[in-house]
Amino acid sequence: MALKKKSSGGGGANWMDTYGDMVTLLLCFFVLLYSMSTISEDKWKAIVQSFNPNAVPDPQPTIEGTPGPSADPGDQGIAPVDLQEQVDQDMEALFQQIQEYVQQQNLQDAVTVSQDGGKIFITFSQSVFFGGDSSVILKEAYPVLDSVCEMLSGVATSLDEVRIQGHTARAGQGPNGVIKDRTLASERATNVVIYIQQHSDVPPSCLVSEGFGEWRPIAPNDTAENRAKNRRVEMIISGRDIEAEMAEQGGIQQYIVMTS
């Protein structure tokens, strides 16, 4: 920035030139700040490297202080890929445990277990948990639910969601009464969720209940046997997706400025 040569009696003009230059610099500074407020990751990298060509990305950025919400107390310094491997192992172990329990208790006719896309699907027939048109959990169901709660507690830190769905069956030729049908399905799912929340270490934020009534049958409602199949409670267990959790946390990728 060049200043004009001071002339006799021109002190005021010289001062005005300097003030104008300062205002211009301040304007540029605030424009830069504004542009950085909506900066993309690539633009941020370009700005950092424009000040220091030796700036390089940190392959595993860490921020001193408390770990992010997806980190457990003992997970500091563990790579995301290792955390995901642990989640996958826990989900596989849980699937095996549930299968073994069903076989040991001879519940194959009342409980089915499958696995797909990282999720575990468990279907309980109505007779396992409830009787007739009731949403009150049977006392005979407590041992089954207690065992499920214990298994879920063992992998609680790896769980993303435990979704309980209640289903009914069409009793006659026409649709069921909508109020009773929806309420019964929802109350059954909710009561199972409440039991799990009270008897396990699964975070309450992971528990979800849904009531579908008669509207998602797995068999025609033409025989008593098929209607019994439709009266069911389903449990869908999902494991955490560490990469997605990190993406949701947001933030610009951290870069370390390497001085030469």
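The following exchange asks why certain labels apply in this predicted model.

User: What makes the contact between Arg163 and Glu210 a salt bridge?

Analyst: The side chains of Arg163 and Glu210 meet at 2.5 Å, N to O, and because the criterion asks for an Arg or Lys side-chain nitrogen within 4 Å of a carboxyl oxygen of Asp or Glu, the pair qualifies. Arg163 sits in strand β4 (residues 159–167) and Glu210 in strand β5 (residues 207–213), so that the pair, 47 residues apart, links distant parts of the chain. Glu161 also belongs here, since Glu161, Arg163 and Glu210 are linked in a network of salt bridges. In the structure as a whole there are six salt bridges.

User: Why is Glu210 called partly exposed?

Analyst: Its relative accessible area is 24%, and because buried requires a value under 20% and exposed a value over 50%, Glu210 falls in between.

User: How do you know that β4 and β5 pair, and in which sense?

Analyst: The two strands β4 and β5 are joined in the parallel sense over six bridges, and because at least two bridges are required for a pairing, the condition is met. One of the partnerships joins Val162 to Leu207 in β5. Together with α6, the strands β4 and β5 make a β-α-β unit that is right-handed.

User: What makes Glu214 and Arg170 a salt bridge, and which parts of the chain does the pair tie together?

Analyst: The side chains of Glu214 and Arg170 come to 2.5 Å, N to O, and the pair therefore satisfies the 4 Å limit. Glu214 lies in the loop between β5 and α7 (224–230), while Arg170 lies in the loop between β4 and α6 (178–199), so the pair ties together parts that are 44 residues apart in sequence. Glu214, at 3% relative accessibility, counts as buried, whereas Arg170, with a relative accessible area of 22%, is partly exposed.

User: Are Arg240 and Glu245 buried or exposed, and how do you know that?

Analyst: Arg240 has 11% relative accessibility and counts as buried, and Glu245, at 17%, counts as buried too; the reasoning is that buried means under 20%. Arg240 and Glu245 form a salt bridge, with the closest N and O atoms 3.0 Å apart.

User: Why is the pair of Phe124 and Phe129 called tilted?

Analyst: A search of the whole structure finds three aromatic pairs. In one of them, Phe124 and Phe129 lie 4.7 Å centre to centre with 35 degrees between the planes; because stacked applies under 30 degrees and edge-to-face over 60, this pair is counted as tilted.

User: What makes the pair of Phe129 and Phe130 edge-to-face?

Analyst: Phe129 and Phe130 have 85 degrees between their planes and lie 6.2 Å centre to centre, so the angle is over 60 and the distance is within the 6.5 Å that a pair requires. Phe129 has 1% relative accessibility and Phe130 has 2%, and both therefore count as buried, under the 20% limit. Phe124 is buried as well, and Phe124, Phe129 and Phe130 form one aromatic cluster.

User: What is the predictor's confidence along the chain, and where is the pLDDT below 50?

Analyst: The mean pLDDT of the chain is 82, and 74% of its residues reach 70 or more. Over residues 3–8 the pLDDT is below 50, and this stretch has six contacts in the model beyond near neighbours in sequence. Residues 251–260 also have a pLDDT below 50, with 27 contacts beyond near neighbours in sequence.

Key:
Residues numbered from 1 in each chain as written. Predicted model: local features only at pLDDT ≥ 70, side-chain atom pairs only at ≥ 80, totals over all residues. Heavy atoms only, no water. Helix = DSSP H or I, 4+ residues; strand = E, 2+ residues; numbered from the N terminus. Buried < 20%, exposed > 50% of the residue type's maximum accessible area, 1.4 Å probe, protein only. Phe/Tyr/Trp six-rings, centres within 6.5 Å; stacked < 30°, edge-to-face > 60°. pLDDT = per-residue confidence, 0-100. Contact = heavy atoms within 4.5 Å. Right-handed = clockwise from strand over helix to strand, strands pointing away.
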